[in-house]
Amino acid sequence: MADAQIILTDSRHHGVVALASGEKYPWAQSALEESGFQRGEAGVYRLPDSESTATRATVAGLIRCAERRNTTVSLSSRQFIGDMADHIARLLPGNWEAQVEVYSHPLWQEDLVPWLWDSGELGRAVRAARLPYAATLTNADTGTALLLAERPGHRRGYLVGAFAPMPLEEGYGDPHAPRSIVLPPSPGLAARAISDRYLPAYEHAVHARSTDAVAEALARLRSERNIWTAMVASGRYSDATPLGFDVLGTSTEEFLDNSWRDFLTVLDHAPALLDRCRPATTPWPEDATALARLAGALADAEAVHEELAAGVPFTRGERNTRTWPPIETWLIHGEVFLRQARTCAPRVRNGLTAPALPRALPSAAPAPRR
């Protein structure tokens, strides 16, 4: 691939559109500006005059100017990706917004890798192929963010995948990540594939990822509590060294601080899962009481979290008194929550989401994870 490249494509709304690419992309930008193209949002260049004769003359002049600047010019066989993204966004259910992104320098593309939550072709393409541009599709109500890209190595078709949802910090390598899908070049068919196939799989993956995150946090909390309880009961460290009174107090403070940090994972992931739980439709309708207690504990913990974030001064005793009861409630009823959350997980069948069917499990809560 040339060090500097100009990609020309056609836009229904903007006429001829140009994008600069390559490690020496400033050469391409200079050629575009010298030839009369104007830079717009996201680094997309457009011709101000869409009259056909003037356009042909400008493009011819661009080719000559590009040659002087060691820049190649190529014509894309596809419509401008911004048009495709805008059309899909209008057809998707909900409030979606489209935005073009230009990765002129190859290194810019690498910035996508940590945040792309994908286990399929799009994830591989971002890491191994050259994508000089793409588009994002963002649901303004839910925050769901998708990446739409032309399928490398094919003259037609697109790929769509997702960015890591909140509160995930990064998505690369996550085994829960959904698989990107191939979209046809028709905006209507592409929007239907996203709404009928991809988004249900995405929601299923988010639910599974959040449920496992809560389960792992609760397992850590139980382990830390058991270690601390055993140490306090014995009055000794695990290596049998006696504990002094001052050391015991310090150890207790560290235990409570670590427990709160672990519980923040529960605070991040559990509320949305709780909202989805419907114990009356499961074999354990009596779980509703425990779920109500868990919801109350989350509300109490969220209030503490907001006060701490706002800098409200707490004494050590006040903080411990406020943070430990919600954690204790979740340690008591956490397994009830997990069986309800797993029961209400959306299931993907033939590319479509179906309500989860309750499984017949023993009436007793399953044993805690170790």
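**Figure 1. Overview of the chain.** Buried stands for under 20% relative accessible area, exposed for over 50%, and partly exposed for the range in between (1.4 Å probe, protein chains only). The model is predicted, so that local features need pLDDT of at least 70 and side-chain atom pairs count only at pLDDT 80 or more, whereas totals for chains, interfaces and linings use all residues. Residues are numbered from 1 along each chain as its sequence is written, and side-chain values use heavy atoms, with hydrogens and water left out. The chain holds nine helices and 13 strands (DSSP runs, H or I of at least four residues and E of at least two, numbered from the N terminus). Of its 370 residues, 45% count as buried. Among contacts (heavy atoms within 4.5 Å) with a separation of 6 or more, 70% are accounted for by residues 24 or more positions apart.

**Figure 2. Close-up of helix 3 against helix 6.** The axes (lines fitted to C-alpha atoms over the stretch in contact, with angles from 0 to 180 degrees between N-to-C directions) of helix 3, residues 81–91, and helix 6, residues 187–234, come within 9 Å and cross at roughly 55°. On the side of helix 3, Met-84, His-87, Ile-88 and Leu-91 take part, and they meet Pro-187, Gly-188, Ala-190, Ala-191 and Ile-194 of helix 6. The residues of this contact divide into seven nonpolar, two polar and no charged (nonpolar: Ala, Val, Leu, Ile, Met, Phe, Trp, Tyr, Cys and Pro; charged: Asp, Glu, Lys and Arg; polar: the others, Gly among them).

**Figure 3. Close-up of the largest nonpolar core.** A core is a set of buried Ala, Val, Leu, Ile, Met, Phe, Trp, Tyr and Cys residues joined through side-chain atoms within 4.5 Å. The largest one has 37 residues, of which Ile-88, Leu-146, Leu-183 and Ile-194 touch the most other members. Elements that give two or more residues to this core include strand 2 (15–21), strand 6 (96–102), strand 8 (133–139) and strand 9 (145–150), together with helix 3 and helix 6. Helix 6 supplies the largest share of this core, nine residues. Apart from this core lies another, of 29 residues, with Leu-218, Phe-255, Val-304 and Leu-338 among them. When residues up to four places away in sequence are not counted, Leu-146 touches several residues, including Trp-96, Leu-137, Val-160, Phe-163, Ile-194, Tyr-198 and Leu-199.

**Figure 4. Close-up of helix 8 and helix 9.** The axes of helix 8, residues 287–309, and helix 9, residues 316–343, come within 8 Å and cross at roughly 145°. The residues of the contact of helix 8 with helix 9 divide into 13 nonpolar, four polar and seven charged.

**Figure 5. Close-up of the loop between strand 10 and strand 11, with two of its prolines.** Pro-167 is found in this loop, and the peptide bond that leads to Pro-167 from Met-166 is cis, with omega near 5°. Pro-175 belongs to the loop as well and, at 72% relative accessibility, counts as exposed. Although Pro-175 and Trp-117 are 58 residues apart in sequence, their C-alpha atoms are 9.5 Å apart in space.

**Figure 6. Close-up of Ala-42 and Asn-70, each with a positive phi.** Ala-42, in the loop between strand 3 (38–39) and strand 4 (45–46), has a positive phi of about 60° although it is not a glycine. The relative accessible area of Ala-42 is 37%, and this residue is therefore partly exposed. Asn-70, placed in the loop between helix 2 (52–68) and strand 5 (72–79), is likewise not a glycine and has a positive phi of about 55°. With a relative accessibility of 55%, Asn-70 counts as exposed.
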